[in-house]
Amino acid sequence: MNVLVINGPNLNLLGIREPDLYGKQDYAALVALVEETCAQEGLGVEVYQSNHEGDIVDKIQAALGKFDGIVINPAAYTHTSVAILDALKAVALPAVEVHISDVSKREEFRQVSYARLACIKTYMGLGLEGYRQAILYLKDYLTK
């Protein structure tokens, strides 16, 4: 079973960008957590990050036939990208949405999630732990 983990804009700046909101762990720590979790669960994984919407759409499209599911943190594109929503719907792979912060308690514009419309579950406000939870949920979902 193979999982694709996609991270959107500015996640490469974890630990630097608003550490009071996103934590002090850097992007390398996130990648290590994802890879360790997948190894423990017997899952293949690829972790991908881009600051460019079209690159994320391309990566989602390329996942068809290669991955069994997707964990996605679209970051700022969560609230704006119909293109990412449409790509997720087009490939029809089970996807789990993750947000490090609790976007439900943030600015009004962050209350909309287009990606969520194509996801089977959302984890938010759990810090990097949300990724572990998303991977475990996706594995369980895929094995049922």
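**From one core residue to the whole fold**

Apart from neighbours within four places in sequence, Val34 touches Val5, Val45, Val47, Tyr131 and Ile135. The model in which these contacts are found is a predicted one. Val34 is a useful starting point for a reader, for it leads directly into the interior of the protein.

Val34 belongs to the largest nonpolar core, which has 22 residues. Among the residues with the most contacts inside this core are Val34 itself, Leu14, Leu30 and Val71, together with Ile100 and Tyr131. Strand 1, helix 2, strand 4 and helix 5 are the elements that each give two or more residues to this core. Helix 2 makes the greatest contribution, with five residues. There is also a second core, separate from the one just described; this core of 21 residues includes Leu4, Ile6, Val91 and Cys119.

The next step is to consider the sheet. Strands of a sheet pair through backbone hydrogen bonds, and the pairing may be parallel or antiparallel. In this model, five strands form an open sheet with parallel pairing, and their order is 2-1-3-4-5. Which strands stand at the edges? Strand 2, residues 44-49, and strand 5, residues 121-124, hold these positions; each has a single partner strand, so one side of each is left without a neighbour in the sheet. On average, neighbouring strands are turned by 15 degrees against each other, with direction ignored.

The pairing at one edge can be followed in detail. Strand 4, which covers residues 95-99, runs parallel to strand 5 and is joined to it by four bridges. Within this part of the sheet, Val96 stands opposite Lys121 of strand 5.

Helices pack on the sheet as well. Helix 2, formed by residues 27-40, touches strand 1 (2-7) and strand 2, and its direction makes about 160 degrees with that of strand 2. Helix 3, formed by residues 53-62, lies across strand 1, strand 2 and strand 3 (69-73). The angle between helix 3 and strand 1 is about 170 degrees.

Charged side chains form a further set of links. The model contains six salt bridges. In one of them, the side chains of Glu46 and Lys59 meet at 2.4 Å, N to O. This pair links distant parts of the chain, since Glu46 lies in strand 2 and Lys59 in helix 3, 13 residues apart. Are these two residues buried or partly exposed? Glu46 counts as partly exposed because its relative accessibility is 23%, whereas Lys59 is buried because its relative accessible area is 18%; the limit for a buried residue is under 20%.

Glu46 also meets the side chain of Lys66 in a salt bridge of 3.7 Å, N to O. Here too, distant parts of the chain are linked: Lys66 lies in the loop between helix 3 and strand 3, 20 residues apart from Glu46 in strand 2. Glu46, Lys59 and Lys66 are thus linked in a network of salt bridges.

Another salt bridge lies within a single helix. Glu129 and Arg132 meet through their side chains at 2.8 Å, N to O. Both residues lie in helix 5 (residues 129-143), three residues apart, which is about one turn of the helix. Glu129 counts as partly exposed, with 30% relative accessibility, and Arg132 is also partly exposed, at 29%. Helix 5 has already appeared in this account, as one of the elements that give two or more residues to the largest core.

Definitions and conventions: Residues numbered from 1 in each chain as written. Predicted model: local features only at pLDDT ≥ 70, side-chain atom pairs only at ≥ 80, totals over all residues. Heavy atoms only, no water. Pairing = 2+ DSSP bridges. Axes fitted to C-alpha atoms, helices over the stretch in contact; angles between N-to-C directions. Contact = heavy atoms within 4.5 Å. Salt bridge = Lys/Arg side-chain N within 4 Å of Asp/Glu carboxyl O. Buried < 20%, exposed > 50% of the residue type's maximum accessible area, 1.4 Å probe, protein only. Core = buried A, V, L, I, M, F, W, Y, C linked by side-chain atoms within 4.5 Å.
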